[in-house]
Amino acid sequence: MGTEALARLAEERVDHRFKGLPPDADGLTVGELAAQRRNLFTGGFATPVLALSAERLEHNLRLMETYAARHGLAFAPHGKTSMAPRLFQRQIEHGAWGITLAVPHQVRVARAFGVERVFLANEVVDAAALRWIAAELAADPAFRLVAYVDSVRGVELMDAALRGAARPVDVVVELAAGEGARTGVRTEAECAAVADAVAATPALRLVGVAGYEGEVPRADPERVRAWLGRLVALAVDFDKAGRFAGLDEIVVSAGGSAWFDAVAEVFAGIPELSRPVLKLLRSGAYVSHDDGHYRKLTPFNRVPEEGALEPAFRLWTQVVSRPSPEQAFVNAGKRDAAYDLDLPFAQVVRRDGAERPATGITVTALSDQHAWLRTEPEADLAVGDWVGLGLSHPCTSFDKWPLIPLAEADGTVVDYVRTFF
């Protein structure tokens with residue numbers, strides 16, 4: 001990745017744009033503030049403030065690096081989760097092939113920070129975006145981008161926008177996860193028609209097949225493996241038909257954060273094809289994990305012998321109102337916490353430097369700037385206490401915080417993670 005662009009992140013000035021940071025840090029650069037190694041709890045940080053655990057982040061990075069290597073998978077973690085170039089760098093340092101992204105704007109962010117390999121897990125038919133992609137490919141011979149296609153019409157629109165481009169855009173045919181699922185071609189016959197359309201234009205190059213098993217209707221291990229079997233069979237059929245002639249490798253890609261064990265199992269059975277196969281896994285939520293949705297869904301629950309991810313987020317809030325023995329309010333709400341899948345979870349309470357479990361405290365609702373807490377008789381909670389909340393769904397946690405402290409277990413803030421949404 002581009003070291004100069006990453007270094008410039010440390011030169012950004014701290015100011016009112018970055019909530020939760022110490023007000024007296026205004027005017028310092030991010031690098032200067034990080035060098036001070038302030039404590040999250042005593043160093044002037046203002047609530048609410050979201051923090052990432054330095055130790056848990058490193059654990060998760062190492063675990064998925066090891067998992068992918070053990071199963072012979074290339075890894076392109078989905079960058080839409082964090083949109084944090086510093087974390088992209090860490091992921092690549094931990095063996096990632098490249099970064100998966102969902103829309104052209106996200107690719108522009110990645111390219112601004114020197115990411116050389118991008119898997120664009122979406123269809124792109126916007127002419128302006130396609131012309132920009134073509135210009136990036138022409139300007140940088142080391143840049144590789146692979147995008148989805150799922151319709152003849154989409155191929156035609158790409159061809160019109162890319163005509164005359166210096167390099168073809170690599171594409172994979174997206175196989176839909178089933179009827180009523182999200183994007184993707186519904187039948188193998190239609191897949192062949194899309195592949196034929198790609199072959200007819202010099203602006204595109206067919207390099208493989210892909211899809212997202214997380215969209216399989218009524219997903220369970222049997223249904224997910226059956227769909228993955230269809231994806232592999234499609235690659236085999238395309239190869240037999242000579243559709244991958246002239247390639248260095250064939251891309252077969254799947255893998256969200258809920259079924260990567262099934263992907264590893266089925267991809268291990270891909271037969272020998274005419275070219276080496278790049279088995280590309282794309283799970284992204286692992287980097288921070290969470291205390292709700294992915295804690296329940298992670299495949300490591302099914303294969304505990306392979307390790308366990310650790311939730312790295314904690315949203316620190318403060319009790320601002322205690323109107324009754326059964327009710328309290330903290331100063332973080334929908335503007336600060338993910339709530340699309342689950343409400344936050346009260347985990348710990350801090351008072352006078354001492355931390356204890358949030359016994360008898362439950363988050364029952366969120367307003368824009370408040371979380372509603374129900375407090376049982378055993379709850380010891382007072383105005384001014386800090387309450388640490390666990391969150392569910394990383395993708396809607398990162399996007400609310402443009403600069404996130406990276407804190408060690410004792411609260412020492414060692415770095416800051418800049419996001420670009």
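Which residues is L228 in contact with, leaving aside its neighbours within four places in sequence? In this predicted model, the contacts of L228 are E213, A254, A262, V263, V266 and F267. L228 belongs to the largest nonpolar core, where it is one of the residues that touch the most other members. The points below cover the cores, helix α4, the open pockets, the enclosed cavities and the cysteines.

**Nonpolar cores**

- The largest nonpolar core holds 127 residues.
- M64, F119, V173, L228, F238 and F267 touch the most other members of this core.
- Helix α9 (residues 221-240) gives the core its largest share, nine residues.
- A second, separate core has 20 residues, including F45, V49, W316 and V348.

**Helix α4**

- Helix α4 spans residues 85-93.
- Its buried residues are P85, L87, F88, Q89 and Q91.
- The cover over these buried residues includes the helices α1 (3-9), α3, α5 (104-112) and α12.
- The strands β3 (99-101) and β18 (413-418) are also among the covering elements.
- G95, just after α4, takes a positive phi of about 95°.

**Largest pocket**

- The largest pocket encloses about 670 Å³ of space.
- Its lining counts 33 residues, and H78, K80, R182, Y212 and Y294 are the closest to its centre.
- Three elements give two or more residues to this lining: β4 (117-123), α11 (293-297) and α12 (395-398).
- Of these, α11 supplies the largest share, three residues.
- By class, the lining has twelve nonpolar, 14 polar and seven charged residues.

**Second largest pocket**

- The volume of the second largest pocket is about 390 Å³.
- This pocket is lined by 22 residues.
- S53, R314, W316, E408 and A409 lie nearest its centre.
- W316 is also a member of the second core.
- At least two lining residues come from each of β1 (49-53), α3 (54-70), β10 (313-324) and β12 (345-351).
- The lining divides into ten nonpolar, three polar and nine charged residues.

**Cavities**

- The structure holds two cavities of 30 Å³ or more.
- The largest cavity has a volume of about 50 Å³.
- Its lining is made of E174, L175, A176, A177, R182, T183, G211, Y212 and E215.
- That lining has four nonpolar, two polar and three charged residues.
- R182 and Y212 line this cavity, and both are also among the residues closest to the centre of the largest pocket.
- The second largest cavity has a volume of about 40 Å³.
- S257, F260, A285, Y286, H289, Y294, T298 and L309 form its lining.
- Five of these residues are nonpolar and three are polar, with no charged residue in the lining.
- Y294 lines this second cavity and is also named among the residues closest to the centre of the largest pocket.

**Cysteines**

- A disulfide is a covalent bond between the sulfur atoms of two cysteines.
- The count of disulfides in this model is zero.
- C191 counts as buried because its relative accessibility is 0%, under the 20% cut-off.
- C395 also counts as buried, because its relative accessibility is 12%.

Terms used:
Residues are numbered from 1 along each chain as its sequence is written. This is a predicted model: local features need pLDDT of at least 70, side-chain atom pairs count only at pLDDT 80 or more; totals for chains, interfaces and linings use all residues. Side-chain values use heavy atoms; hydrogens and water are left out. On a 1 Å grid over the protein atoms alone, a cavity is a set of points where a 1.4 Å probe fits but cannot get out, and a pocket is an open set with protein on both sides within 12 Å along at least five of seven lines; lining residues have an atom within 4 Å of a point. Grid points are joined across faces, edges and corners, and a volume is the space filled by probe spheres set on the points. Helices (H or I, at least four residues) and strands (E, at least two) are DSSP runs, numbered from the N terminus. Ala, Val, Leu, Ile, Met, Phe, Trp, Tyr, Cys and Pro count as nonpolar, Asp, Glu, Lys and Arg as charged, and the others, Gly among them, as polar. A disulfide is a pair of cysteine sulfur atoms within 2.5 Å. Buried means under 20% relative accessible area, exposed over 50%, partly exposed in between (1.4 Å probe, protein chains only). Contact means heavy atoms within 4.5 Å. A nonpolar core is a set of buried Ala, Val, Leu, Ile, Met, Phe, Trp, Tyr and Cys residues joined through side-chain atoms within 4.5 Å.
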